[in-house]
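Hi,

Here's the model we talked about. Have a look at it first, and my notes are just underneath.

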Amino acid sequence: MNRLISLLVISAGLIASGCSDIEPWVKPYERDRLADPIMSFSRDPVSSSYLHHVYQAREGARGAEGGQGGGCGCN
Amino acid sequence: MNIVKAIIILASLAISNVSLAAAIGGSASDFTLKSRAGKNVKLSEYRGDVVMINFWASWCGPCRQEMPALEQLYKKYQDLGFVILGVNLDEDSSKAANLLQKIPVSFPILYDNTKKVSTQYDVKAMPTTFLVDRDGKLRYVHKAYKPGYELKYAKEIKTLVRE
Amino acid sequence: MLAVLKVVRAVAVVVTRFYITACTALLLLLPLVARSAILPEDRADLLYHSYDGGGVTIEGPSILVRKQVGDSFSVSGNYYVDSVTSASIDVITTASPYNEERTEYSASMDYLRDNVTISTAYTQSEENDFKAKSLHLGISQEIFGGLTTVTLGYSRGWDTVGRLGDPAFAEDVDRENYRISVSQILTKNLLMELGVETITDEGFLNNPYRQVRYLSTSPRGYDYEEEVYPNTRTSNSLALRAKYYLPYRAALHGEYRFFTDTWGIDANTFEIGYTHPFRDNWIFDFKVRSYKQNSADFYNDLFPFQGAQNFLARDKELSTFSSLSIGFGVSYEVNKKFLNFIDRGSINFSINNIQFDYDDFRDVRVSATPGTEPLYSFDANVIQLFVSLWY
């Protein structure tokens, strides 16, 4: 089970490097909608982190509350 | 198991990320786009001048950062036979117009809202800047923009303008 | 269902163990295929927050300032205060109402170099009987032509738990968080994100004031004793979220999170949201969130006798309960330049109403035969009013 997991993770990395020649199917200049602030998972970080704190303080569950990505893909 | 891991890691390190470069040295493909003045503009009209084609959009932060630097380059080298064509890729051209009110530039702005020319030029980053020489050949390409790139542009423009 | 949970738990334990090896391998491979990104934008936010429900009111400011420094760094600082007035059900039944203030400071720095964004942050909070410090590290990279963003994160926390009226009491808690998230652009209208987070706590994990009740021969039928928690807790969360752009300019949001831990708590969170811009300056947000958890293995509202188990808990946070939140927000954007250096600003208001319904936590303010008191429920209103400035 342990070997399987680590093999999977390393293969994922291998695939990621080998597949660098896959053409992005959404071109950089087609990302205007994704760059729109309304498409951000946390448009107002101060507000979202406060709300996460409200829930975390009263619930048993915690974690996996947000990340980053999407956006304009510039540079 | 450790040896297998090591081999996999080394093998993947050897696989290099070959970025598909634009065809440097080849002819820059001709295109016709409407400018913000309303006229149709053709790339081939500028044969004999050094042309910088800059692909940008209003929603792209680095593009906005780059604009004032491009304006400075345009003002400086304009009289030596240099022009910048700012190809805008906004779906909604009014957004580009709004931005240009806040960051005014004097070089021609062309609207490519159908993304025809950006596909033709295989634009892979926002922004992307191409430099075309007086014979219409593609000489330099720059993907992305970081403060300081304009110094590279200036060097290349000086070289091309002297030809 | 039980088999699925067992498998998930087995995977979670294995993933936890191999995080370091796996993450190192991934980090070695990523730089070859990545593109660079951009630093977070410069902004300042001034928030007033208010929570009112279940006999508790908490309000205060949260101020955040972020600025890019040079080409590669972005720094931010946050000041946050909770002013608590508590007459909650736990407090009313076993203690007396109190006022308290918690202050939290944090500072962060993001470094962007070629292909990688490295984030570091430090947070410190203090109240009269609890101190916490934590350090956060993150590394983020765009791959697949920028369509995929992989983020790895690690946090380390150190808490010191105190007890009012007992100056000698000082217990420690050590925390570690491991996070991985993958964000994927699927189409020009659809963005998805998968996140996994493992958290381990070790130390004094219970509350030094809270008590559990057990059946007894006293006049009211029950008595109290101190709660006893295990001194370790490992939890795993897996979340999947998506955002979809609607052609007339609006966004749909969906989210699901599964949680499980070594205390026996499993929880499911569902959320859907809709963001609707109106004219040029207005944005409206609507949100519904449903949360459901089952109780910890050692939780009981009423234990059969004193010292019935090795571990004893009656914290409603560890009980079987569900909550439903409905939220509404409005934002007005001011697109003018002012004071020379400010590009634009916005004024924002939001309100969330959260309804809590407990399935095995009883309202002991009501006198009844122990174990037949009504199940507890309450609702809370969370209000936020804030101003944001971009420069």
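Chain B has five helices and seven strands, and along the sequence they run α-β-β-β-α-β-α-β-α-β-β-α. Keep in mind that this is a predicted model. Of the 163 residues in chain B, 32% are buried. If you take the contacts in chain B between residues at least 6 apart in sequence, 71% of them join residues at least 24 apart.

Now for the nonpolar cores. The largest one has 42 residues, and I53(B), A57(B) and V87(B) have the most contacts inside it. Several elements of chain B supply at least two residues each, including helix 2 (61-77), strand 4 (82-88) and helix 5 (149-161). Strand 3 of chain B gives the largest share, with six residues. Leaving out residues up to four places away in sequence, A57(B) touches C63(B), N88(B), L89(B), D90(B) and M126(B), and also Y29(A) and D32(A) from chain A. Another core, of 16 residues, lies apart from that one; Y214(C), A267(C), L312(C) and A313(C) are among its members.

Over in chain A, I looked at helix 3 (residues 45-56). With 12 residues at 1.5 Å a residue, helix 3 of chain A should span 16 Å, and its end C-alpha atoms are indeed 16 Å apart, so the two agree. Its buried residues are V46(A), S47(A), Y50(A) and L51(A). These cover an arc of only 130° around the axis, so they sit on the same side of helix 3 of chain A. What do they pack against? Their partners are in chain C: strand 1 (43-53), strand 2 (56-69), strand 17 (344-362) and strand 18 (375-390).

Cheers

Note on methods. Residues are numbered from 1 along each chain as its sequence is written. Chains are lettered from A and ligands numbered from 1 in the order in which they are written. This is a predicted model: local features need pLDDT of at least 70, side-chain atom pairs count only at pLDDT 80 or more; totals for chains, interfaces and linings use all residues. Helices (H or I, at least four residues) and strands (E, at least two) are DSSP runs, numbered from the N terminus. The expected span of a helix is 1.5 Å times one less than its number of residues. A residue is buried if 20 or more other C-beta atoms lie within 10 Å of its own, exposed if 12 or fewer, and partly exposed in between; C-beta atoms are placed from the backbone. The arc is that of the directions from the helix axis to the C-beta atoms. Two residues are in contact if their C-beta atoms, placed from the backbone, lie within 7 Å. A nonpolar core is a set of buried Ala, Val, Leu, Ile, Met, Phe, Trp, Tyr and Cys residues joined through C-beta atoms within 7 Å.
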